[in-house]
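Biologist: I have a chain on screen and a few questions about its fold. Can we go through them briefly?

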Amino acid sequence: MTGAFSMNVDGKYRITIPAPFRKEVDKQIKLVPVQGCVYGFTPEGFESWVEGLFEYGDHHFDPRNRDDDRLRRVLNASAVDVDLDSANRIALGKLDVAKAGKRAALGLEGEVMVIGNGDHFEVWNAETWRKEQAALESDLDSLLFRS
């Protein structure tokens, strides 16, 4: 998924999934609060993402490793299933099921930005996204070209 789309959260805390993303998501989406925004995955994409977090070097998920177990538990506990309705909307208010006040704490009301980021999309408070984007643009050359 790629692109950035300005959307408005309606009175029932729903947003419409941008048309280019609808081809890549099914009727169910997993929402996961991460780093000041919400990631949206297909159920399969979420499983793959979680498993991929444990794949580095010779390391694989070890259920006897307390840190591995804790990370997997918190990610699975914070993920919320939402259904795409007939108008292609998802209910951001369901984030409050896992943790009361989570949606409001992330500033997901009024204008938001829905950003494609490869295997998932992200929902950001619009002002927070503008600040992130400004910081990224100033660092883009150093990210693209290593000395």
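**Fold, core and surface**

Modeller: This is a predicted model. Take contacts between residues at least 6 apart in sequence: of these, 55% join residues at least 24 apart.

Biologist: In what pattern do the helices and strands follow along the sequence?

Modeller: There are six helices and eight strands. Read along the sequence, they give β-β-α-β-β-α-α-β-β-α-α-β-β-α.

Biologist: What is the radius of gyration, set against the globule rule?

Modeller: The C-alpha atoms fill a box of roughly 45 × 40 × 30 Å along the principal axes. For 147 residues the globule rule gives 15 Å. The protein is close to that, so it is as compact as a globular protein of that length, with a radius of gyration of 16 Å.

Biologist: Which residues have the most contacts inside the largest nonpolar core?

Modeller: That core has 22 residues. Strand 3 (28-34), strand 5 (80-83), strand 7 (111-117) and strand 8 (120-125) each supply at least two of them. Apart from it lies another core, of 17 residues, including Phe61 and Ala79. In the largest core, the residues with the most contacts are Ile29, Ile90, Phe121 and Val123.

Biologist: Is Leu140 buried or partly exposed?

Modeller: Leu140 sits in helix 6 (residues 126-144). With Leu136, Leu143, Leu144 and Phe145, Leu140 makes a nonpolar surface patch of about 510 Å². Buried means under 20% relative accessible area. Leu140 has 39% relative accessibility, so Leu140 counts as partly exposed.

Notes
Residues are numbered from 1 along each chain as its sequence is written. This is a predicted model: local features need pLDDT of at least 70, side-chain atom pairs count only at pLDDT 80 or more; totals for chains, interfaces and linings use all residues. Side-chain values use heavy atoms; hydrogens and water are left out. A nonpolar core is a set of buried Ala, Val, Leu, Ile, Met, Phe, Trp, Tyr and Cys residues joined through side-chain atoms within 4.5 Å. Buried means under 20% relative accessible area, exposed over 50%, partly exposed in between (1.4 Å probe, protein chains only). Helices (H or I, at least four residues) and strands (E, at least two) are DSSP runs, numbered from the N terminus. Patches are made of residues with over 30% relative accessible area and no salt bridge: like charges are joined within 9 Å, nonpolar side chains (Val, Leu, Ile, Met, Phe, Trp, Tyr) within 5 Å. Accessible areas come from the Shrake-Rupley method with a 1.4 Å probe; for residues, only the protein chains shown count as cover. A salt bridge is a side-chain nitrogen of Lys or Arg within 4 Å of a carboxyl oxygen of Asp or Glu. The radius of gyration is taken over C-alpha atoms; the globule rule is 2.2 Å times the number of residues to the power 0.38. Contact means heavy atoms within 4.5 Å.
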